[in-house]
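I opened this model to look at one helix and at the pockets. My notes follow in the order in which I looked things up.

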Amino acid sequence: MPELRYVDALNQAHHEEMARDERVVVLGEDVGRKGGVFGVTMGLYEKFGEDRVIDSPLAESSIAGVAIGMAANGLLPIAEFQFADFIHPAFNQIVSEAARMRYRSNGSYGCPVVFRAPYGGSHGTALYHSQSVESFYAHVPGLKVVAPSTPYDAKGMLKSAVRDPDPVLFLEHKRAYRIVRGEVPEGDYTVPLGPAAVRREGSVLSVFAFGWMLHEALRAAEVVAAEGISAEVVDVRSLKPLDKNTILASVAKTSRALIVYEDNRFCGYGAEIAALIAEEAFDSLDAPVMRLAGPDVPGIPYSKPLEEWFYIDQARIAAAMRHLAAY
């Protein structure tokens, strides 16, 4: 089975879906001749032409609004935002229009749009190119939010998102694009939006993570395993819908829960998982539910020491694991 980079798996999914269904179109800033700022849409313009691969103005509200109009008229648009930091001007279109389409039409109409957004911090990307926006959107009924961590899932879940009859916010961690590699089958397959995946079995504590944090958590689990701490690592990957059963089953098995996410800690996505465990698995717990998340500052600083202070890395996760295991 070929081994691909995360970015190449996404690119392959675009090519295959556009070849499979002529209703699939791509729009966004520099998605055409340039192939996207990260190269995710490379080669689409040359293969499918300017009618299906559309370079948009620098206007995120317009990108979302045009995509919603396309979907209302029978197309299957994939709308790319160059950075999740810039998706906020489109918030009203996504939340008030796309997410509510099926509800307000009493189920008569869907809005099959994929909103793709690179998110999260990478080295030197600083305040306006590092945000994690998942909690804003996972709060909204009618909108699916996913954050695949592996190339296999990136391709399979993007295909599922394109074929979904309702809007999907597809979050791609920037650091994963060219660092994370993995086996990806050639040809068509899908990964359903919803189920979580247990990436590492364990017995002492459970770690719940997604995106780049999953990879840091897996490295930390290797470190503490040498110290006799067996950590189970669960890739949440679908933030909405959330796979409650896999989370609760893991907590029932280990009796300890650590939730790791890169966004600001306060009202971050991990709070929802913590609430779920507190409400439905309290009797299974031998220790308080722990969250490890970014500090409550407006963004990742540009200064290198402060950037490192913000990041959640394997050393900090391993320290949290030791603390939780010793409780």
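Entry 1, helix α9. I checked which residues of α9 are buried, keeping in mind that this is a predicted model. I found W212, M213, L214, H215, E216, A217, A220, A221 and V224 buried in α9. I then checked the length of the helix, which covers residues 212-225. At 1.5 Å a residue, its 14 residues should span 20 Å, and the end C-alpha atoms are 20 Å apart, so the two values agree.

Entry 2, the largest pocket. I looked up its volume, which is about 300 Å³. I counted 17 residues in the lining, and A138, L239, L242, Y269 and E272 lie nearest the centre. I asked which elements supply at least two residues of this lining. They are α6 (134-138), β12 (238-240) and α11 (270-280). Of the elements, α11 gives the most to the lining, with six residues. Sorted by class, the lining of the largest pocket holds nine nonpolar, three polar and five charged residues.

Entry 3, the second largest pocket. I noted about 240 Å³ of space here. Its lining has 17 residues, and those closest to the centre are Q131, S132, D263, N264 and P298. Two or more residues of the lining come from each of α6 and β13 (257-264). I found the largest share in β13, which provides three residues. By class, I listed nine nonpolar, six polar and two charged residues in the lining of the second largest pocket.

Entry 4, a cross-check. I see α6 in the lists for both pockets: it supplies at least two residues to the lining of the largest and two or more to that of the second largest.

How values were computed
Residues are numbered from 1 along each chain as its sequence is written. This is a predicted model: local features need pLDDT of at least 70, side-chain atom pairs count only at pLDDT 80 or more; totals for chains, interfaces and linings use all residues. Side-chain values use heavy atoms; hydrogens and water are left out. Helices (H or I, at least four residues) and strands (E, at least two) are DSSP runs, numbered from the N terminus. The expected span of a helix is 1.5 Å times one less than its number of residues. Buried means under 20% relative accessible area, exposed over 50%, partly exposed in between (1.4 Å probe, protein chains only). On a 1 Å grid over the protein atoms alone, a cavity is a set of points where a 1.4 Å probe fits but cannot get out, and a pocket is an open set with protein on both sides within 12 Å along at least five of seven lines; lining residues have an atom within 4 Å of a point. Grid points are joined across faces, edges and corners, and a volume is the space filled by probe spheres set on the points. Ala, Val, Leu, Ile, Met, Phe, Trp, Tyr, Cys and Pro count as nonpolar, Asp, Glu, Lys and Arg as charged, and the others, Gly among them, as polar.
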